[in-house]
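Biologist: I'd like a close look at one part of this model, with the neighbouring pieces brought in to help me place it. Please keep it friendly for a beginner.

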Amino acid sequence: MSDIKKDVVLCGVKLGEHSKDNESLTREIKERVIDYGCNFVYIRAKFGDKVDKEVYFNWAKILSDNKIYFHFGSHRPPRTSVEQFDSEMIAKMKEIAGEYFIGDAISEAGTSAASNFEGYFTPVGHVTNKPYSDCKDMKEAHDRYVDMVKSYVEKNRKVNIPNIVSIEATALPKYSLEAGGDIPVVELMNGNPDEIIPFFRGSARAYNCKLWGSLIAHEWYGGMRHSDILKRKRMELAYKYTYLSGSNIILMESGDERVNSYGQSHEASSELCQEY
């Protein structure tokens, strides 16, 4: 990734949030990434069963042929995607995709360890670590958090992942970078951007990160009434805000392929999803 300039802007979507299987995800790469002119994608494959390595190699070739940067990832520890890989697979993807293969993501470790206290809304079947609530002081909380993130970082390092993307919905990016993360990405919309973006931009500068980014979690945090005109305007504002803030990566988490939250469901063909 050394060839990427610091003033680059990578804009795209996350795939896999509502994808039925990896075959349909392959189709979505063309329909939702290539056809829309994106130059970046975050792939969250279906990890119930091990994905065949040839599937990954095919994705790497399709994306690099179209000059699209990409990384993989799962959703919240203890779920991770690195178990899908070995060093030979990573070497092959580097050979196929070169600089376009950014790496793998550790997603919302801070959310698992430092939020979601009793009473916080959690979808049925959602898997996450319980937050630390028995620390005797702030140093113990710090050490336990850094050690937890470091354990996932080390798994990635063992298979030679080129860069570890740290996606956080909390104001803890500097601790994730201290643990070994390379690219901090803020989950926008679930807090005050005037407060949380400086945490990420400043942490990226302090740790001399090549890139930092923003994930726009609009389906869940832009408002509970999906058809509300204000929610639609919030998404446009989020894009403009993160761009003006200097974000190198601007990523939409979900919503364009399907909206399935707060008891409502809208398919990709709906007017709402088309607007995304």
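What does aspartate 143 count as, and at what relative accessibility?

Modeller: Aspartate 143 counts as partly exposed, at 27% relative accessibility. The scale goes like this: buried is under 20% relative accessible area, exposed is over 50%, and partly exposed is in between, with a 1.4 Å probe and protein chains only. Before we go on, bear in mind that this is a predicted model, where local features need pLDDT of at least 70 and side-chain atom pairs count only at pLDDT 80 or more, while totals for chains, interfaces and linings use all residues. Residues are numbered from 1 along each chain as its sequence is written, and side-chain values use heavy atoms, with hydrogens and water left out.

Back to aspartate 143: its side chain meets that of lysine 139 in a salt bridge, at 2.6 Å from N to O. To count as a salt bridge, a side-chain nitrogen of Lys or Arg has to be within 4 Å of a carboxyl oxygen of Asp or Glu. Lysine 139 is exposed, at 58% relative accessible area. Both residues sit in helix H5 (residues 138-158), four residues apart, and that separates them by about one helical turn. Helix and strand names come from DSSP runs numbered from the N terminus: helices are H or I with at least four residues, strands are E with at least two. Here's the handy rule behind that spacing: an α-helix has 3.6 residues a turn, so residues three or four places apart point the same way.

You can spot the pattern elsewhere too, since a search of the whole structure finds ten salt bridges. One of them joins lysine 92 to glutamate 95, with their closest N and O atoms 3.9 Å apart. These two lie three residues apart in helix H3 (residues 87-97), about one turn of the helix. Lysine 92 is partly exposed at 34%, and glutamate 95 is exposed at 61%.

Another salt bridge links lysine 240 and glutamate 236, with 2.9 Å between the closest N and O atoms. Both lie in helix H9, four residues apart, about one turn of the helix. Each is partly exposed, lysine 240 at 46% and glutamate 236 at 43%.

H9 is a nice one to linger on. The expected span of a helix is 1.5 Å times one less than its number of residues. For the 16 residues of H9 that gives 22 Å, which agrees with the 23 Å between its end C-alpha atoms. Its buried residues are Lys231, Met235, Ala238 and Thr242. They cover an arc of only 60° around the axis, which puts them on the same side of H9; the arc is that of the directions from the helix axis to the C-beta atoms. Over on the other side, Ile229, Lys233, Leu237, Tyr243 and Leu244 are exposed.

Two of those exposed residues turn up again: Tyr243 and Leu244 join Val9 in a nonpolar surface patch, with about 340 Å² of accessible area together. Areas like this come from the Shrake-Rupley method with a 1.4 Å probe, and for residues only the protein chains shown count as cover. Patch members have over 30% relative accessible area and no salt bridge; nonpolar side chains (Val, Leu, Ile, Met, Phe, Trp, Tyr) are joined within 5 Å, like charges within 9 Å.

Now for some strands. E1 (residues 10-15) is mostly covered, with five of its six residues buried. Strand E8 (residues 249-252) runs parallel to E1 and is joined to it by four bridges, with leucine 10 partnered by isoleucine 249. Strands count as paired if DSSP finds at least two bridges between them. E1 also runs parallel to E2 (residues 40-43), again through four bridges, and here glycine 12 partners phenylalanine 40.

E4 (residues 101-107) is covered as well: seven of its seven residues are buried. Four bridges join E4 to the parallel strand E3 (residues 69-73), and four more join E4 to the parallel strand E5 (residues 164-168). Alanine 105 is the bridge partner of glycine 73 and also stands opposite valine 165 in E5.
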